[in-house]
Amino acid sequence: MSLIFENLTFFYKDQQDRKILDNFNLELTPQARIGVYGKKGTGKSTILKILNGEINNYSGTISIDGKSIAEMNNTSAKISLLYQNPEKQFIFPKIKDEYKFIVQNRNDATEKRIKKISHVFNFNLAEIIKSERTIFDLSSGEIRLLQIIFTLARDMNYYIMDEPFQYLDDEDRLHFVNYLDELNNYAILFLSSKKKVLQPLSERIINF
Ligand SMILES: Nc1ncnc2c1ncn2[C@@H]1O[C@H](COP(=O)(O)OP(=O)(O)O)[C@@H](O)[C@H]1O
Ligand SMILES: [Mg+2]
């Protein structure tokens, strides 16, 4: 059981002289907590575009539990992604609708997990749902926390989180560390441009 990036190489069509990903290799095994550190523009978010099928003209392979993602219809049954861009993550503007959608499409365990994680982060999700707020009414930090809660609420083996610490305060990050200790078999890959913040959450940091 692992998520393996093997010789992943990619360049955007208009920049053939600049490889955004150049033979990237990584194996994410159960319980792994790996941080990929890279400055802005180094190709971190591009990895998510490859994982979600937005980009497929890469070379190399990505396999999940032995199967290449090129042979899968989509990877969303296997990995849970946190996007740097919330617009990519949320289907509905109203948090209440997004919540309903997530809970209806999953099972009771999802609702329980959402409650639990909201509690860990000391985040008043119930109030946000009740007040009919949309993502446009929330602060950047609130949006990021919501994304984290919804991403972790999906019971998956692999979580890939793009800039999860952006807009979070120290206390949120502490809650994050505490919660990760409770997650057993899950493998997490953090992609971040903030090295110091990656350190307490990652067992290993790869420089991009
Ligand atoms: N569709 C695109 N066409 C051309 N260049 C792009 C495209 N999308 C992103 N890039 C460029 O590719 C580089 C890597 O982008 P990205 O993966 O978002 O970096 P990071 O997430 O590490 O900041 C950046 O220089 C970005 O401007
Ligand atoms: Mg990015």
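The paragraphs below go from the overall dimensions of this predicted model to a strand pair, a loop residue, a helix and the ligand shell.

The protein has 208 residues, and its radius of gyration is 17 Å, which agrees with the value near 17 Å for a compact globule of that length. Taken along the principal axes, the box filled by the C-alpha atoms is roughly 50 × 35 × 35 Å. The secondary structure amounts to eight helices and nine strands. Of the 208 residues, 30% are buried. Among contacts in the protein with a separation of 6 or more, 73% are between residues 24 or more positions apart.

Strand β6 covers residues 79-82. In a regular strand the side chains alternate between the two faces of the sheet. The pattern in β6 is that I79 and L81 point one way, while S80 and L82 point the other way. These residues are all buried, whichever way they point. A parallel partner for β6 is strand β7, residues 158-162, and four bridges join the two. One of the positions can be named on both sides: L82 has M161 as its bridge partner in β7.

After this strand comes a loop that leads to α2 (86-89), and Y83 lies in that loop. Is Y83 buried or partly exposed? A residue counts as buried if 20 or more other C-beta atoms lie within 10 Å of its own. Y83 has 19 within that distance, so it is partly exposed. Apart from neighbours within four places in sequence, the contacts of Y83 are L48, K88, Q89 and D162. D162 belongs to the residue range of β7, 158-162, and K88 and Q89 to that of α2, 86-89. Computed along the sequence, Y83 and T42 are 41 residues apart, and their C-alpha atoms are 16 Å apart in space.

T42 also takes part in the surroundings of ligand 1. The other residues around ligand 1 are Y12, D14, Q15, I20, G38, K40, G41, G43, K44, S45 and T46. By class, this shell consists of two nonpolar, seven polar and three charged residues.

Helix α6 spans residues 140-153, with 14 residues. From first C-alpha to last, α6 reaches 20 Å, close to the 20 Å expected at 1.5 Å a residue. Buried positions in α6 are R144, L145, L146, Q147, I148, I149, F150, L152 and A153. An α-helix has 3.6 residues a turn, so residues three or four places apart point the same way. The buried set in α6 includes the consecutive residues from R144 to F150.

Notes
Residues numbered from 1 in each chain as written. Chains lettered and ligands numbered in written order. Predicted model: local features only at pLDDT ≥ 70, side-chain atom pairs only at ≥ 80, totals over all residues. Expected span 1.5 Å × (residues − 1). Buried ≥ 20, exposed ≤ 12 C-beta atoms within 10 Å, placed from the backbone. Near = placed C-beta within 6 Å. Nonpolar A, V, L, I, M, F, W, Y, C, P; charged D, E, K, R; others polar. Pairing = 2+ DSSP bridges. Rg over C-alpha atoms; globule rule 2.2 N^0.38 Å. Contact = placed C-beta atoms within 7 Å.
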